[in-house]
Structure formats: C-alpha cells, structure tokens
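Have a look at the model below, and take a moment to turn it around. Then we'll walk through it together.

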Amino acid sequence: MRRLPILPTLVVLAAVAVMIRLGLWQIDRLHQKQSLLASYAAAQADTNLHPWAGSGAAPKPYSRVTLDCVQVPSVAAQAGQNAQHQ
C-alpha cells in the first residue's frame, strides 16, 4: 500500500483554506458594497439642503449642503506659470 504524500497534501489543504477565506471575504465585501450603494441612493433621494456649520460635525457623505461665507479675510490674485516659469 502506498503512503499518502504529506507535503503536497499540506500544500493543497493550505490552498483550500486560503480559498475558503477569500470566498468569505468576498461575501463580506458584498455586504459592505450594498450598504455603500444604499447610502448613495439615500443621499441622492434626499433633496433637502443641510446646513454645515464651520466648526460643527460634517453632514452625511454625499448629501447636499449649504454654507454661508460671512467674511472674506483677503483676496490675492496669482497668475499661473508653466514649466519654464513664464
């Protein structure tokens, strides 16, 4: 009777374990992606403008916000330059 090759069997079992883990990771990633797409859809369906206070917490991602600029401290005009500094 022939013996079972130990090293190739261990390599195959390790590969099977890695493939199972990657499959479970893909399923977890699917749930994360579905949650992200649901939040995008909710933000797109929300037509309200949410105020964004300067020091307050930011509103939900991808929502429509409004911001009042009450003071402009300074305005400086600056021209652009190309690679040759012209």
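What follows goes from the overall outline of the chain to a few of its residues.

First, some ground rules: this is a predicted model, in which local features need pLDDT of at least 70 and side-chain atom pairs count only at pLDDT 80 or more, while totals for chains, interfaces and linings use all residues. Residues are numbered from 1 along each chain as its sequence is written, and side-chain values use heavy atoms, with hydrogens and water left out.

Let's start with the big picture. The protein chain has one helix and two strands, and along the sequence they come in the order α-β-β. Helices (H or I, at least four residues) and strands (E, at least two) are DSSP runs, numbered from the N terminus.

How does the chain fill space? Its C-alpha atoms take up a box of roughly 90 × 50 × 20 Å along the principal axes. The radius of gyration of the protein chain is 28 Å, whereas a compact globule of 86 residues would come in near 12 Å. That radius is taken over C-alpha atoms, and the globule rule is 2.2 Å times the number of residues to the power 0.38.

Now for the surface. About 8,300 Å² of the protein chain is exposed, with carbon and sulfur atoms supplying 63% of it; such accessible areas come from the Shrake-Rupley method with a 1.4 Å probe, and for residues only the protein chains shown count as cover. Of the 86 residues, 3% are buried. Here buried means under 20% relative accessible area, exposed means over 50%, and partly exposed is in between (1.4 Å probe, protein chains only).

Next, the helix. V16 sits in helix α1, which covers residues 6–45, and V16 counts as partly exposed because its relative accessibility is 41%. V12, V16, I20, L24 and I27 make a nonpolar surface patch of about 450 Å². Patches are built from residues with over 30% relative accessible area and no salt bridge (a side-chain nitrogen of Lys or Arg within 4 Å of a carboxyl oxygen of Asp or Glu); like charges are joined within 9 Å, and nonpolar side chains (Val, Leu, Ile, Met, Phe, Trp, Tyr) within 5 Å. V11 is in helix α1 too, and V11 is exposed because its relative accessible area is 51%.

From V11, jump to S63: these two are 52 residues apart in sequence, and their C-alpha atoms are 50 Å apart in space. S63 belongs to the loop between β1 and β2. Is S63 buried or exposed? S63 is buried, because its relative accessible area is 15%. Leaving out residues up to four places away in sequence, S63 touches A43 and H50, where contact means heavy atoms within 4.5 Å.

R64 lies in that loop as well, between β1 (50–51) and β2 (65–66). With 39% relative accessibility, R64 counts as partly exposed. Beyond residues up to four places away in sequence, R64 touches A43, Q44, D46, T47, N48, L49 and H50. The R64 side chain also reaches the backbone oxygen of D46 at 2.7 Å.

Finally, C69 comes in the segment after β2, and C69 counts as exposed because its relative accessibility is 64%. Between C69 and H85 there are 34 Å, C-alpha to C-alpha.

How values were computed: Polar contact = N/O pair within 3.5 Å; in protein donor to acceptor, adjacent residues only side chain to side chain.
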